[in-house]
Amino acid sequence: MSMDRRQFLKIAGISSVLGLGATAASATHNIWTKGLDPEQADKNKEALIAKRWAMVVDMSKFKTEDDFKKVIDACHLTHNVPDFRNADGSVNKKDEIKWIWEAPYEKAFPGQDNKYMSEHIKDMPFLVACNHCDNPPCVRVCPTKATFKLANGITMQDEHRCIGCRFCMAACPFWSRSFNWRDPHGKNPNGEPFIKNENKEYPTRTKGVVEKCTFCTERLAVGKLPACVEAAPKGGLLFGDLEDPNSEIRKIVTNQYTIRRKPDLGTGPAIYYIVGGSDHA
Amino acid sequence: MKLYDGGKIFIGILVFVAFAAFPFYFNVGKVNAKPEPKVDTPAIQEWEKQYGKKECVESKEFMRAEHMQLLNNWRDSVVREDNRGYISSSNHKRFNMSLQTGCMTCHSNKKKFCDECHNYVSVKPYCWDCHIAPVEKEEAKS
């Protein structure tokens, strides 16, 4: 069969029109192109709702090493955070996964220390976690929108979308993000699994994704406070709605002197610290 | 039209077709067991007693065809919109949009419910790379 240029173009043109038609026809199939019908999705009745979740850390309530440990363990157990330890119990800094952890004053509040400060504050371990910033640099750099802001102020992480580029880790000025260099489902050389006690109500992660604190969105959704808040000594960690003028934490932030980590960077951290206070310092 | 080296070409085509069609004639006559997903866990039987039928989130036909997209939408709703309740369009009941604490609390038989078909059609969804599958008793081997 011979075909001249004109005929070829005609056939090609008609088939591409038909092709487009087929695409349009399949697009009418609703569920594959649209998300859920908004009328079909809602929040639980018992869910805790806020305009802007925030936290106050009252360092004076933390008295012993155990108080900190309880908080960190509670968080890491709840969220299946792997403990990447070597055979001798040491941890490679690079491998470590931390959602909430301890940092000394000069690491937590660099530039706000001075040489005459009390040894006590200098040596005190501060509880630090993701600050769920108003203007989070991690969200700005994420190429896949795997990390994003929820309407309630929480900086959330969608592990399904994370491609492991680690831009967010470079962007975060608080080192709040950890990368799974190793497979969390593996075992250390002693044969102990990295996730010792799996919480069956929360997923794990895979190798190659970044993770961090989520302010326990899954617990707020069923009316519970974050795991760290529950595990902390009474009044040590306070959690609430900063936009609500009657909330406990709003009153504290308004009436007491609190500091935040690296406020001059303009990210607007949502964790406020009360340092010193009556019991300590 | 003159075809040069016709013999070689046709032999070549024959060899190619024979090779490409190998899986088809190799399996002709062999019957593969049809997948039969089971919906008979104690939780589902309890449900059937209470509501008279086994229908859950949506109709059986809908779930068969669209469960993958439904789960996709659920994930977006939960993670990105923070909405965790799903109202069924078929029976208007409210369901917790969660794989581990929703679906699998009734469908606790992942091997006979999920894997049965997925293995048959050789799809490997990566749900269980992160999500924790329910603990199942090993079936006694005869």
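This passage walks through a predicted model of two chains, A and B, from overall build to single residues.

Chain A comes out with a mean pLDDT of 89, and 93% of its residues reach 70 or more. Confidence is not spread evenly over its elements, though: strand β8 (residues 210-211) of chain A has the highest mean pLDDT, at 96, while α2(A) sits at the bottom with 64. A word of caution fits here, since predicted coordinates should not be read in detail where pLDDT is low.

As for its make-up, chain A carries 10 helices and 10 strands. Its radius of gyration is 25 Å, whereas the globule rule gives 19 Å for 281 residues, so chain A is more spread out than a compact globule. Laid along the principal axes, the C-alpha atoms of chain A take up a box of roughly 95 × 50 × 40 Å. Buried residues account for 33% of the 281 in this chain. Looking at contacts in chain A between residues at least 6 apart in sequence, 69% link residues at least 24 apart.

Chain B has 7 helices and 2 strands. Read from the N terminus, its elements go α-α-α-α-β-β-α-α-α, which puts the two strands next to each other in the order, with helices before and after them. The radius of gyration of chain B is 23 Å, against the value near 14 Å that a compact globule of 142 residues would have. The box around its C-alpha atoms, again along the principal axes, is roughly 75 × 45 × 30 Å. Just 13% of the 142 residues in chain B are buried. Of the contacts in chain B between residues at least 6 apart in sequence, 59% join residues at least 24 apart.

Helix α1 (residues 6-20) of chain B gives a feel for how open things can be. The helix has 15 residues and spans 21 Å from first to last C-alpha, close to the 21 Å expected at 1.5 Å a residue. For all that length, α1(B) is hardly covered, with a count of 0 buried residues among its 15.

Now to where the chains meet. The contact draws 24 residues from chain A and 23 residues from chain B. On the chain A side, α2 (30-33) and β1 (41-42) each supply at least two residues. That side of chain A is a mix, made of 9 nonpolar, 7 polar and 8 charged residues. One of the contributing elements, α2(A), is also the element of chain A with the lowest mean pLDDT.

The other contributor, β1(A), goes further and pairs across the chains. Antiparallel to strand β1 (residues 85-87) of chain B, β1(A) is joined to that strand by 2 bridges. Asp42(A) has Gly85(B) as its bridge partner, and Ala41(A) has Tyr86(B). The result is an open sheet of 3 strands in the order β1(A)-β1(B)-β2(B), with antiparallel pairing. At its edges stand β1 of chain A and β2 (94-96) of chain B; each has a single partner strand, so one side of each is left without a neighbour in the sheet.

Elsewhere in chain A, strand β9 (residues 237-241) tells a rather different story from α1(B): 5 of the 5 residues of β9(A) are buried, against 0 of 15 in that helix. Strand β2 (residues 53-58) of chain A runs antiparallel to β9(A), and 5 bridges join the two. Within this pair, Ala54(A) stands opposite Gly240(A).

A few single residues round things off. Most residues other than glycine have a negative phi. Arg166(A) goes against that habit, with a positive phi of about 70 degrees. Arg166(A) sits in the loop between β6 (155-157) and α7 (167-171) of chain A and has 15 C-beta neighbours inside 10 Å, so it counts as partly exposed. His92(B) likewise has a positive phi, near 60 degrees. This histidine, His92(B), belongs to the loop between β1 and β2 of chain B, and with 8 other C-beta atoms within 10 Å it is exposed.

Arg140(A), finally, lies in helix α6 (residues 137-141) of chain A. With 11 C-beta neighbours inside 10 Å, Arg140(A) is another exposed residue. The C-alpha atom of Arg140(A) is separated by 48 Å from that of Phe8(A), 132 residues away along the chain.

Key:
Residues numbered from 1 in each chain as written. Chains lettered and ligands numbered in written order. Predicted model: local features only at pLDDT ≥ 70, side-chain atom pairs only at ≥ 80, totals over all residues. Helix = DSSP H or I, 4+ residues; strand = E, 2+ residues; numbered from the N terminus. Rg over C-alpha atoms; globule rule 2.2 N^0.38 Å. Buried ≥ 20, exposed ≤ 12 C-beta atoms within 10 Å, placed from the backbone. Contact = placed C-beta atoms within 7 Å. Nonpolar A, V, L, I, M, F, W, Y, C, P; charged D, E, K, R; others polar. Pairing = 2+ DSSP bridges. pLDDT = per-residue confidence, 0-100. Expected span 1.5 Å × (residues − 1).
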